[in-house]
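User: I should like to go through this model and ask, for each term applied to it, on what grounds the term is used.

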Amino acid sequence: MKLALEKLIPTAFLLAIGLLVILGFFSYQSVKATNNAIEWEMRTQQVLQALNDSLINLVDAETGVRGFVITSNETFLEPYLKAEQDSSQNINRLRELLKDNPEQLQRLNNLENLFNEKLRISKQHINTRRNEGEKAAIETVSAGEGKAAMDKVRAVVSEMKSVETSILREREKELKDNFSRASIFLIIGGIGGIFLLTLGNVLIYRENNKRTLAETELKNVNRDLEKRVAERTKEIVEANEALRHSEEFNRSIFESSPDCVKILDLDGNLISMNKNGMCVMEIDDFAPFIGKDWKEFWQDKEKQLVYETIASARKGTAGNFVAICDTAKGTSKWWEVTVAPVYNGEGDVVRLISVSRDISERRAAEAEREKLLVSEKDARRDAETANRMRDEFLATVSHELRNPLNAMLGWARLLQKNQLDGDASRKAVETIVRNAESQNRLIEDLLDVSRIIAGKLRLDIATIQPNDFVQAAIDAVKPAAEAKNIRIETSIDEDLNNISGDANRLQQVIWNLLSNAIKFTPKNGEVKISVEALNSMIEINIKDDGLGISPDFLPHVFDRFRQADASTIKKFGGLGLGLAIVRHITEMHGGTVEAFSEGEGKGSTFTLKLPILAIALEAEQVSSSKEIEASSFVGKTGIDLNGLYILTVDDEPDTCQLLEQVLTHYGANVKTVMSASEALSEFVQKQPDILISDIGMPEEDGYSLIQKIRAIPDNKTKKMPAIALTAFARPQDRMKALAAGFQTHVSKPVEPDELATVIASLTGRL
Ligand code: ADP
């Protein structure tokens, strides 16, 4: 029903508009018809007026003419003249008014003719009066022609007037009809309009009512809704408050943990980390880490473990592992990690929490304990080994001492009993002496080792020729070699530089190596010894084709009290001390000793390298050449190299240091470089007053260096003094050095004063 009324509003308006359009149309038609009728009426009135006027004019003219005829007074002719003048004008006016009515126009033409006829007759009367006098004129008038014409005019005018009057009546009736029709339409239209407007108003009123009702209802609903929203908001605020409290609680737990606590999403991507965590992980800004896959921070081998722990936490089972991981700043740390699920209110796993504890210190302590345990075990084993070795050593020493003692005692007793003849007595004495010497050597070795252990072994340093102590050692072992028919082949460079060293100790070293070679080589074998200079070293090789050394024992061959096996002792004798002493003495000379063997039965080679020092040192300086006191080079010559700029080139760092210290002591300003190329670039920067160069250098030798320097097109450079300080001491080496461009050749080792003198002489300071 409501709907039907609502729908009526537009219909009512449409109807009202339709009605108004129809009313308007008919009103317009009525008004138009009324206008027409009024126009017609006015025109008819004008026609009647014009007809009257024409008739009156004509009557006035007739009257005037009669007056003239009687009086001959011209003023009576004025109406006639006026009628004559106005006649055509009136006819034309009537013609205009009657143009739509042909019948009346016909009558008008007739009327016009009658008018003209009447005026012509009147004219005739006037002329007759003027020309023929009053009597003639009265007779003419009395003839009645004028009257007849006048009657005709009246008849036509009357007819026309009656036609016009009847038309006027019709128009009036039409006008009335139009009025009454228009009134009816207006009344009906008015009533209809009022009805429709009322209906519309009623409907609008009702609609308004309904809208007001709806609005009230809406307001109520809104109020209700707002109330509910307010209640809900309050609930939410309360809930949020509670949540915030619990979050703050969680966060305070999160932040107060000393461990690295991280929140991860279900795929293991980082969401957040507590401050302490950032501290232990050495992270300054966590922002770049957000959304990063946590797994990727672990080493490749740990990734699977991390992945599995995340997967199990996602399914609701917390897991843990221990692994190593770098911090943001690259510090490697051990972590004990737990990954656990975080649930929402519905019991679903929504996040993961990972707690990593830095256990690096604990691990380090464990490792330290482990190491201590191992070292304690090692120490115990070493102690046991030492004990065993001491026992073995005592057994060996007893055995080694008793062997010659037994021989000596046996032969001594026989001598005591005088049971021997002359030859036998001599042999007994020789045997006793030989065994006593052997025993003496054993005791010497023991004493040497105890001196070495106590740090009391002293060298008696002098400038010596290597060939001298090598030859002395060969001579000493010759009887033993001959006894086993072992050939000793020697290859010795005769032009070797002197070295600084203790001739007796170095002879002991060579003797030891040769003795071993002979001892461990079968009868009729061969032992080779070679001595040569290699750059700043003297290299001595002692090679035998005897027993050889197993790869297992080779690394221990220079250890004290070490022998290949017990059977060796029984078979070859010895205390296992010789090589330990060899190594110690060699190292005291700044040299090295190495053993090579391809294995048992394949012979052995021992290589000894002794340095050819650039400067001849005093006894105590040799073993500690790197820390020599400059003051120990107090010159005896009083040479002063003050202000001299010296450039020295040598590939041996020790030699460089030594030269610098010695020459600085004489007052020189020394620059040391370690290669020819460095020397050249130093040269370009600042030309020295004198150059001291080694000859044998790895990349480019001293000959090449001096040739390049001499090739520089500069007189000063060409004349610059240069000394070749080298281990190549043969005459041909000296000649080659001078030919290359050096002023002089000085062999290593040189006495400090000698070097200073050579420098002073070359620079004109002597
Ligand atoms: P010793 O000879 O008194 O036993 P060393 O210290 O001189 O003591 O030698 C230690 C060990 O090294 C020897 O017992 C031997 O086993 C081994 N050795 C040394 N020189 C040689 C060599 N030329 N050939 C084979 N083995 C050797």
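User: How do you know that strand β4 and strand β5 pair, and in which sense?

Analyst: This is a predicted model, in which local features need pLDDT of at least 70, side-chain atom pairs count only at pLDDT 80 or more, and totals for chains, interfaces and linings use all residues. Residues are numbered from 1 along each chain as its sequence is written, and side-chain values use heavy atoms, with hydrogens and water left out. Strands here are DSSP runs of E with at least two residues, and helices are runs of H or I with at least four, numbered from the N terminus. Two strands pair if DSSP finds at least two bridges between them. Strand β4 (residues 332-343) and strand β5 (residues 349-358) are joined by nine bridges in the antiparallel sense, so they meet the definition of a pair. One bridge links valine 339 to serine 354 in β5.

User: What makes β2 and β3 edge strands of their sheet?

Analyst: The open sheet has five strands in the order β2-β1-β5-β4-β3, with antiparallel pairing. β2 (270-273) and β3 (319-326) each pair on one side only, and are therefore the edge strands. Neighbouring strands of this sheet are turned by 30 degrees against each other on average, direction ignored. Such angles are taken between lines fitted to C-alpha atoms, for helices over the stretch in contact, and run from 0 to 180 degrees between N-to-C directions.

User: Which strands does helix α7 touch where it packs on the sheet?

Analyst: Contact means heavy atoms within 4.5 Å. Helix α7 (residues 360-416) touches β3, β4 and β5, and its direction makes about 135 degrees with that of β4.

User: Why is the link between aspartate 300 and lysine 303 called a salt bridge?

Analyst: A salt bridge is a side-chain nitrogen of Lys or Arg within 4 Å of a carboxyl oxygen of Asp or Glu. The N to O distance for aspartate 300 and lysine 303 is 2.7 Å, so the pair qualifies. The two residues are three apart in helix α6 (residues 300-314), and are therefore separated by about one helical turn.

User: Are aspartate 300 and lysine 303 buried or exposed?

Analyst: Buried means under 20% relative accessible area, exposed over 50%, and partly exposed in between, with a 1.4 Å probe and protein chains only. Aspartate 300 is at 64% and so counts as exposed, whereas lysine 303, at 18%, counts as buried. Elsewhere, Glu62, Arg66 and Lys118 are joined into one network by salt bridges that share partners. The structure holds 32 salt bridges.

User: What makes aspartate 86 and lysine 82 a salt bridge, and where do they lie?

Analyst: Their closest N and O atoms are 3.3 Å apart, so the criterion is met. Both residues lie in helix α2 (residues 78-97), four residues apart, about one turn of the helix. Aspartate 86 has 18% relative accessibility and therefore counts as buried; lysine 82, at 44%, counts as partly exposed. Lysine 99 and glutamate 96 form another salt bridge, with closest N and O atoms 3.2 Å apart.

User: Why is aspartate 694 called buried, and where is it placed?

Analyst: Aspartate 694 has 3% relative accessibility and so counts as buried. The residue is in the loop between β15 (690-693) and α16 (702-710). Not counting residues up to four places away in sequence, aspartate 694 touches residues including Ser536, Asp650, Leu725 and Lys748.

User: What joins the side chains of aspartate 694 and lysine 748?

Analyst: A polar contact is a pair of N or O atoms within 3.5 Å; within protein, one must be able to donate a hydrogen and the other to accept it, and residues adjacent in sequence count only if both atoms are side-chain atoms. The side chains of aspartate 694 and lysine 748 are joined by a polar contact of 3.5 Å.

User: How do you know that both faces of β15 are covered?

Analyst: Ile690 and Ile692 on one side, and Leu691 and Ser693 on the other, are all buried. In a regular strand the side chains alternate between the two faces of the sheet. Strand β13 (residues 645-649) runs parallel to β15 and is joined to it by four bridges, with isoleucine 646 opposite isoleucine 690. Strand β16 (residues 722-726) pairs with β15 in the parallel sense over three bridges, and serine 693 has alanine 724 as its bridge partner in β16.
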